[in-house]
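Dear colleague,

Please find the structure for your review below. I would be grateful if you could read it alongside the notes that come after it.

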Amino acid sequence: MPNRPKQRKRPWNNSADRKAFGRRNADNQKFYNSPRWRKTAKAHKNLNPFCVKCEFDGIVSAVEYTDHIARIGDGGDPYNDSNLQSLCKFHHNQKSGREAHGYKEKLQ
């Protein structure tokens, strides 16, 4: 009967020490998985079913994310509808990437 090869240690694949590349200062997972946030996000998506950035460009695109205009860490209200916007995946990732590098969304 053949022997099973031993698993080699892979230091680059150690999930216990893995971080999100240092971008997140706080773990928001507990907040975003809370029933209150999920209910708020779903209600916002139902009222605003299209991406606000795409609409500004004249494109109709379905919403995938309910996003905070002003980040919670910067003092934005997490449940206030005036601090929420509907975004498609492209615009949400674009905004999150800019914020990860220190840029802040201009409030209108």
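The notes below go from the overall fold to the helices, the strands and the salt bridges.

Overall fold

Please bear in mind that this is a predicted model. The chain contains four helices and two strands, arranged along the sequence in the pattern α-α-α-β-β-α. It comprises 108 residues, of which 24% count as buried. The exposed area of the chain is about 9,300 Å², and carbon and sulfur atoms supply 51% of that area. When contacts between residues at least 6 apart in sequence are considered, 53% of them join residues at least 24 apart.

The strand pair

Strands β1 and β2 pair in the antiparallel sense, over four bridges. One residue in this pairing is Y65, whose bridge partner in β2 is L87. In a regular strand, side chains alternate between the two faces of the sheet. Is β2 covered or open on its two faces? Both faces are covered, with L84 and S86 buried on one side and Q85 and L87 buried on the other.

Helix α2

Helix α2 spans residues 35–47. It has 13 residues and reaches 18 Å from its first C-alpha to its last, close to the 18 Å expected at 1.5 Å a residue. Its buried residues are W37, T40, A41 and H44. These residues cover an arc of only 95 degrees around the axis, and are therefore on the same side of α2. An α-helix has 3.6 residues a turn, so residues three or four places apart point the same way.

The other side of α2 carries exposed residues, namely P35, R38, K39, K42 and N46. What do the buried residues of α2 pack against? Their packing partners are α1 (residues 29–32), β1 and β2 (residues 84–87).

A41 illustrates this arrangement. The residue lies in helix α2 and has a relative accessible area of 8%, so it counts as buried. A41 and T66 are 25 residues apart in sequence, yet their C-alpha atoms are 5.6 Å apart in space.

Helix α4

The twelve residues of α4 should span 16 Å at 1.5 Å a residue, and the 16 Å between its end C-alpha atoms agrees with this. The buried residues in α4 are H91, H92, K95 and E99. Seen down the helix axis, they fall within an arc of 100 degrees, so they line one face of α4. The buried residues of α4 pack against α3 (residues 52–56), β1 and β2. Strands β1 and β2 are thus packing partners for the buried residues of α2 and also for those of α4. After α4 comes G102, which has a positive phi, near 100 degrees.

Salt bridges

How many salt bridges does the structure hold? There are three.

One of them joins the side chains of D67 and K95, with an N to O distance of 2.7 Å. This pair links distant parts of the chain: D67 belongs to strand β1 (residues 65–68) and K95 to helix α4 (residues 89–100), 28 residues apart. Both D67 and K95 are buried.

K95 also meets E99 in a salt bridge, again through the side chains, at 2.7 Å from N to O. E99 and K95 are four residues apart in helix α4, and so are separated by about one helical turn. Are these two residues buried or exposed? Residues under 20% relative accessible area count as buried. K95 is therefore buried, at 2%, and E99 is buried because its relative accessibility is 14%. Taken together, D67, K95 and E99 are linked in a network of salt bridges.

The remaining pair is D74 and R71, whose side chains meet at 3.2 Å, N to O. Here the burial class is another one: D74 has a relative accessible area of 42%, so it is partly exposed, and R71, at 33%, also counts as partly exposed.

In summary, the points I would ask you to look at in the model are the buried face of α2, the buried face of α4, and the salt-bridge network of D67, K95 and E99.

With kind regards

Methods. Residues are numbered from 1 along each chain as its sequence is written. This is a predicted model: local features need pLDDT of at least 70, side-chain atom pairs count only at pLDDT 80 or more; totals for chains, interfaces and linings use all residues. Side-chain values use heavy atoms; hydrogens and water are left out. Buried means under 20% relative accessible area, exposed over 50%, partly exposed in between (1.4 Å probe, protein chains only). Contact means heavy atoms within 4.5 Å. Accessible areas come from the Shrake-Rupley method with a 1.4 Å probe; for residues, only the protein chains shown count as cover. A salt bridge is a side-chain nitrogen of Lys or Arg within 4 Å of a carboxyl oxygen of Asp or Glu. The expected span of a helix is 1.5 Å times one less than its number of residues. The arc is that of the directions from the helix axis to the C-beta atoms. Two strands pair if DSSP finds at least two bridges between them.
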